[in-house]
Amino acid sequence: MSFGTVINCMDGRTQLPANAYLEQELKVDYVDTITEAGPVRILGDEPDSALTESIMARVRISTDKHGSKCVAIVAHYDCAGNPVPEERQREQLDLAVRFVAAQCPGIRILGLWIDENWTVSKVCAAWD
Ligand SMILES: [Zn+2]
């Protein structure tokens, strides 16, 4: 069994597209899913917060116990938990990728954008 990890929004519209994308892209059997409302706002703007620590505790379970080698972070169109323009969301996504990469040496980190058609694209990445 192989695992990948996604830090996704709680938005029900983003779950299946992100998981299908990662199963295909990473060739993994399962995707461990960590959800918050607008996670790039939390990780990008509030890296010292309790919510960030909660997310990272769950990431470590996925990487340490399930052996995940890749963590994807999702931002998306029409995010109720992070109602800022797409441009700002992409800045937060970039910050979030850098933050998680610094916390997870040796783990591949992907930044994913999900658009108004619920299509997933990779917009940034880091290796450590
Ligand atoms: Zn959202």
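# Reading a fold, strand by strand

Visitor: Let me start with a pairing between strands. Which residue in β4 is the bridge partner of C70?

Guide: C70 has R108 as its bridge partner in β4. Before we go on, keep in mind that this is a predicted model. The two strands involved, β3 and β4, run parallel and are joined by seven bridges.

Visitor: Which sense does the pairing of β1 and β3 take, and over how many bridges?

Guide: That pairing is in the parallel sense too, over three bridges. You can find one spot by looking at I7, which stands opposite I73 in β3.

Visitor: Let me step back. How many helices and strands does the protein have?

Guide: There are four helices and five strands. Going along the sequence, you meet them in the pattern β-α-β-α-α-β-α-β-β.

Visitor: And how do I read the overall shape?

Guide: Start with the radius of gyration. For 128 residues, a compact globule would come out near 14 Å, and the protein has 13 Å, so the value agrees. The C-alpha atoms fill a box of roughly 35 × 30 × 20 Å along the principal axes. As for what is inside, 38% of the 128 residues count as buried.

Visitor: What share of the contacts joins residues at least 24 apart?

Guide: If you take contacts between residues at least 6 apart in sequence, 69% of them join residues at least 24 apart. Here is a pair for a feel of distance: R60 and T5 are 55 residues apart in sequence, and their C-alpha atoms are 10.0 Å apart in space. R60 sits in helix α3, residues 50-65, and it counts as partly exposed because it has 14 C-beta neighbours inside 10 Å.

Visitor: How should I look at a strand such as β3?

Guide: The general idea is that side chains in a regular strand alternate between the two faces of the sheet. In β3, C70, A72, V74 and H76 point one way, while V71, I73 and A75 point the other way. Are they covered? Mostly: seven of the seven residues of β3 are buried.

Visitor: What does the nonpolar core look like?

Guide: The general idea first: in soluble globular proteins, nonpolar side chains tend to be buried together. Here the largest nonpolar core has 30 residues, and those with the most contacts inside it are A18, V71, A72, I73, V74, V100 and L112. The elements giving two or more residues to this core are β1, α1, α2, α3, β3, α4 and β4. Its largest share, six residues, comes from β3. To see one member in place, pick I73: leaving out residues up to four places away in sequence, its contacts include I7, L93, V100 and L112.

Visitor: Now a helix. Which residues of α4 are buried?

Guide: Those are Q89, Q92, L93, A96, V97 and V100. They cover an arc of only 145 degrees around the axis, so they are on the same side of α4. Among the elements covering these buried residues are α2, β3, β4 and β5. Turn to the face away from the buried side and you find the exposed residues E87 and A102. As for length, α4 has 18 residues and reaches 25 Å from first C-alpha to last, close to the 26 Å expected at 1.5 Å a residue.

Visitor: What about α1?

Guide: Try the length again: at 1.5 Å a residue, the 12 residues of α1 should span 16 Å, and the end C-alpha atoms are 16 Å apart, which agrees. The buried residues of α1 are A18, N19, Y21 and L22. Seen down the axis, they fall within an arc of 160 degrees, so they line one face of the helix. That buried set packs against β1, β2, β3, β4 and β5, while L16, A20 and Q24 are exposed on the other side of α1.

Visitor: Last one: how do I read a positive phi?

Guide: As a general rule, most residues other than glycine have a negative phi. K27, which follows α1, has a positive phi near 55 degrees. It lies in the loop between α1 and β2.

Visitor: Is K27 buried or exposed?

Guide: K27 counts as exposed because it has 9 C-beta neighbours inside 10 Å. D78 is another one to look at, with a positive phi near 60 degrees. D78 is found in the loop between β3 and α4, and it counts as exposed because it has 11 C-beta neighbours inside 10 Å.

Conventions:
Residues are numbered from 1 along each chain as its sequence is written. This is a predicted model: local features need pLDDT of at least 70, side-chain atom pairs count only at pLDDT 80 or more; totals for chains, interfaces and linings use all residues. A residue is buried if 20 or more other C-beta atoms lie within 10 Å of its own, exposed if 12 or fewer, and partly exposed in between; C-beta atoms are placed from the backbone. A nonpolar core is a set of buried Ala, Val, Leu, Ile, Met, Phe, Trp, Tyr and Cys residues joined through C-beta atoms within 7 Å. Two residues are in contact if their C-beta atoms, placed from the backbone, lie within 7 Å. The radius of gyration is taken over C-alpha atoms; the globule rule is 2.2 Å times the number of residues to the power 0.38. The expected span of a helix is 1.5 Å times one less than its number of residues. The arc is that of the directions from the helix axis to the C-beta atoms. Two strands pair if DSSP finds at least two bridges between them.
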